[in-house]
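Biologist: Please take one part of this model and walk me through it closely. I want to know what it touches and what lies around it.

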Amino acid sequence: FRLSVQPIEPLRRAGRPREYEILLRMLGADGAIVAPADFLSAATRYQVLDKLDDWVMFQAVGEIEKHGWRVFPGGTRFWINVSGQSLGDEEFTERAVALVRHHRLRPGALGFELTENAAVANLAAARRFIERLREVGCDVKLDDFGTGLSSLSYLRELPVSGLKIDGSFVRGLLTDARSRSVVTAVLGMARELGLTT
């Protein structure tokens with residue numbers, strides 16, 4: 001396994017700090033990158049996503065501590081994805097909190113992303129996770145927003161800082177009026193709730 005970072009580019013820069021999503025990649029025996037869908041589906045089937053989440057979290061924080069602030073300017077934020085398996089594990093939450101405290105990461109340096117489906121499937125665990133990570137200065141946002149359950153009441157329950165609109169809607173922005181309508185509605189709702197998108 002290895003980690004990559006993908007820049008998150010805002011439509012309006014206005015002095016905002018840089019943000020990057022940390023991505024997990026797997027190298028095959030021939031050195032070629034294995035498609036994430038291939039190894040993540042196997043990890044899901046064999047119930048080891050939580051082990052991958054731990055590995056990513058520990059490696060990422062170690063790399064940020066080792067070179068992050070020499071390579072990336074101050075104020076930079078890194079986002080780590082968390083699986084539903086880890087979300088339901090209180091020990092994972094405590095390991096994340098302990099890791100941030102141990103490495104004394106500045107508030108806002110690290111954030112976590114939960115898929116909308118995982119958060120809605122276990123609201124109590126998602127709320128606990130978000131509240132504990134916020135105590136150590138980490139924001140949490142919902143990923144793949146718009147593909148989950150139809151009720152939006154959970155947005156009142158979960159103190160997330162932002163939403164990542166699912167790519168299936170974003171890809172259709174220029175060609176599909178329905179996708180455009182969904183994105184417009186989510187942007188308006190997020191603005192009213194004070195959430196970044």
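Modeller: Helices here are DSSP runs of H or I with at least four residues, strands are runs of E with at least two, and both are numbered from the N terminus. The model is predicted: local features need pLDDT of at least 70, side-chain atom pairs count only at pLDDT 80 or more, and totals for chains, interfaces and linings use all residues. Residues are numbered from 1 along each chain as its sequence is written, and side-chain values use heavy atoms, with hydrogens and water left out.

I will take helix α2, residues 49-71. Start at Leu 49, which lies in this helix. Leu 49 has a relative accessible area of 13% and is buried (buried means under 20%, exposed over 50%, partly exposed in between, with a 1.4 Å probe and protein chains only). Beyond its neighbours within four places in sequence, Leu 49 contacts Leu 40, Ala 43, Thr 44, Ser 83, Gln 85 and Ser 86 (contact means heavy atoms within 4.5 Å). Take Ser 83 from that list. Its C-alpha atom is 6.6 Å from that of Leu 49, although 34 residues separate the two along the chain.

Now look back from the other side. Ser 83 sits in the loop between β4 (77-82) and α3 (84-87). Ser 83 is buried too, at 12% relative accessible area. With neighbours within four places set aside, Ser 83 contacts Leu 49, Asp 50 and Asp 53.

Move along to Met 57, also in helix α2. Met 57 is buried, with a relative accessible area of just 1%. Residues up to four places away not counted, Met 57 touches Ile 80, Phe 92, Arg 95, Ala 96, Leu 99 and Phe 112. Met 57 and Val 82 are 25 residues apart in sequence, and their C-alpha atoms are 9.0 Å apart.

Next, the rings. The whole structure holds 5 aromatic pairs (rings of Phe, Tyr and Trp, the last by its six-membered ring, pair if their centres lie within 6.5 Å; planes under 30 degrees apart are stacked, over 60 edge-to-face, the rest tilted). One of them joins Phe 1 and Trp 55; this pair is tilted, at 5.9 Å centre to centre with 50° between the planes. Phe 1 is in the segment before β1 (2-8) and Trp 55 is in helix α2, so the pair ties together parts 54 residues apart in sequence. Phe 1 is partly exposed at 48% relative accessibility. Trp 55 is partly exposed as well, at 29%.

A second pair, Phe 92 with Phe 129, is stacked: 6.4 Å between centres and 15° between planes. Phe 92 belongs to helix α4 (residues 90-102) and Phe 129 to helix α6 (residues 123-135), so this pair ties together parts 37 residues apart in sequence. Phe 92 is buried at 1%, and Phe 129 is buried at 0%. Recall that Met 57 of the helix touches Phe 92. Back at Trp 55, ring pairs link Phe 1, Phe 39 and Trp 55 into a cluster.

Thr 93 is in helix α4. Thr 93 is buried, at 5% relative accessible area. Apart from neighbours within four places, Thr 93 contacts Phe 129, Arg 132 and Leu 133.

Two of these names return in the core. The largest nonpolar core has 50 residues, and those with the most contacts inside it are Leu 110, Phe 112, Leu 114, Phe 129, Leu 133, Leu 142 and Leu 163. Helix α2 gives the largest share of this core, 7 residues. (A nonpolar core is a set of buried Ala, Val, Leu, Ile, Met, Phe, Trp, Tyr and Cys residues joined through side-chain atoms within 4.5 Å.)

Last, the pocket. The second largest pocket has a volume of about 190 Å³ (the space filled by probe spheres set on grid points, which are joined across faces, edges and corners). Its lining has 12 residues, and Val 5, Glu 63, Ile 64, Phe 72 and Phe 78 lie nearest its centre. β1 and α2 are the elements that give two or more residues to this lining. The largest share, 6 residues, comes from α2. (On a 1 Å grid over the protein atoms alone, a pocket is an open set of points where a 1.4 Å probe fits, with protein on both sides within 12 Å along at least five of seven lines; lining residues have an atom within 4 Å of a point.)
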